[in-house]
Amino acid sequence: MRRLVLIAILLVGVPSFTAGQELRLPNKEGSVKFAIIGDSGEPGTGQRAVAAQMAAWRGRFPFGFILMNGDNLYGTERPTDYENKFARPYKALIDGGAKFYAALGNHDDAAQVNYKLFNMGGAKYYTFKPKDGVRFFAIDSNYVDDKQLEWLDKELAASGSDWKIAFFHHPLYSSGATHGSADLQRDLLEPTLLKRGVNVVFTGHEHFYERIKPQKGVAYFIIGSSAKIRKGDLQKSALTAYGNDSEYAFMLAEIVGDELYFQTISSRGVTLDAGSIKRAGDVQPNTGVTTQPVVPQTKPSPVQPGPAQPAKPAPSKPAQPGPAKPAPGPATAK
Ligand SMILES: [Fe+2]
């Protein structure tokens, strides 16, 4: 029995916090705190280790909900699969009251929209507002038809000056060798994202982490390494602000006023990346005015996981976003 316990510990790891694992978020009372995972539906050591880290970090950073960027269940999707590939590995988070909000990936059956714990309300695309001033948009990037685009345009417009945060599966910008930028989805979605002032986009599909340099004023993250990793697949390019394709990972995020702080953490509990995004303008909920474009800025992130820096307030002078750069190399729609 003791041997079994030891094996389980070795496989999963016991999250503990040591130097190099400091929380780099403000952790302010009343802020919007959330986590993000992607391509998470593969049972195994990576998924278990990430889930254990998330539960442990939630003890000191009480995030209320978790975005799922798609590929929520790989393979068969029988009731037992929902249990084995989701409910059991994330049991501690679910039991602790964290809510999951899923977007559909290319491996996901549309029937997931009716799974209670994914909180999709029976729809392949939907929006929710956890708090005044912040609104999330789950998009189905598998099928971006006119109907969905009309819905997105209308809902974004109606969200006024809220933070507008979109999450979906296919990355509009990516340096991945396997997939790369999803050109088709970019052509379809980007005009609406820009027209309506979306600030931040979280995607998956690639089994790595990549923080993209701001594109046309929008901050993009790929986090698709929460249960699978594809080592060597990230071909760092002109798009890459930071990337990691060797560690299972998840993200934590916090919105305080006009600042969104993020921290990307490995399944070993090591911080891979951290920084903040400042959007222009004040948060003025319910004014019916579209937000100004986000002005991203980033605090230094370690090139390699290294000693943690205590979280500091972001500098007040935001960096100017550069001109959009086209995706390098042959990027084809997936
Ligand atoms: Fe995928």
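With 17 C-beta neighbours inside 10 Å, Asn119 counts as partly exposed, and this residue sits in the loop between β3 (99-102) and β4. That's one small corner of a predicted model whose protein has 6 helices and 14 strands. Buried residues make up 49% of the 334 residues. As for contacts with a separation of 6 or more, 72% of them come from residues 24 or more positions apart.

**Loop residues worth a look**

- Back to Asn119 for a moment: its phi is near 50°, which is a positive value in a residue other than glycine.
- Asp39 also has a phi near 50°, again positive and again in a non-glycine residue. You'll find Asp39 in the loop between β1 (32-37) and α2 (45-58).
- Is Asp39 buried or exposed? It counts as buried, because it has 29 C-beta neighbours inside 10 Å.
- Gly75 belongs to the loop between β2 (65-68) and α3. Gly75 has 11 C-beta neighbours inside 10 Å, so it counts as exposed.
- From Gly75 to Lys85 is 10 residues along the chain, and their C-alpha atoms are separated by 9.7 Å.

**Helix α3, two sides**

- Lys85 takes us into helix α3 (residues 79-87), where Tyr82, Lys85 and Phe86 are buried.
- Looking down the axis of α3, those buried residues fall within an arc of 95°, so they line one face of the helix.
- The general background is simple: an α-helix has 3.6 residues a turn, so residues three or four places apart point the same way.
- Flip to the other side of α3 and you get Thr80 and Glu83, both exposed.

**The seven-stranded sheet**

- What is the strand order in the open sheet of 7 strands? It goes β4-β5-β6-β7-β9-β8-β10, and the pairing is mixed.
- At the edges are β4 (126-131) and β10 (240-244), each pairing on one side only.
- Ignoring direction, neighbouring strands in this sheet are turned by 15° against each other on average.
- Strand β5 (residues 134-138) runs parallel to β6, with 5 bridges between the pair. Ala138 has Phe167 in β6 as its bridge partner.

**Around strand β7**

- Strand β7 (residues 200-203) has Val200 and Phe202 pointing one way, while Val201 and Thr203 point the other way. All of these are buried, whichever way they point.
- As a rule, side chains in a regular strand alternate between the two faces of the sheet.
- On one pairing, β6 (residues 163-167) and β7 are parallel over 3 bridges. Ile165 stands opposite Val200 in β7.
- To get from β6 to β7, the chain passes through helix α6 (residues 183-195), and this β-α-β crossover is right-handed.
- Strand β7 also pairs in parallel with β9 (residues 218-223), this time over 4 bridges. Here Thr203 has Ile222 in β9 as its bridge partner.
- So which strands does β7 link up with, put together? It pairs with β6 and with β9, which fits the order of the open sheet, where β7 is written between those two.

Terms used: Residues numbered from 1 in each chain as written. Predicted model: local features only at pLDDT ≥ 70, side-chain atom pairs only at ≥ 80, totals over all residues. Buried ≥ 20, exposed ≤ 12 C-beta atoms within 10 Å, placed from the backbone. Arc of directions from axis to C-beta. Pairing = 2+ DSSP bridges. Right-handed = clockwise from strand over helix to strand, strands pointing away. Contact = placed C-beta atoms within 7 Å. Axes fitted to C-alpha atoms, helices over the stretch in contact; angles between N-to-C directions.
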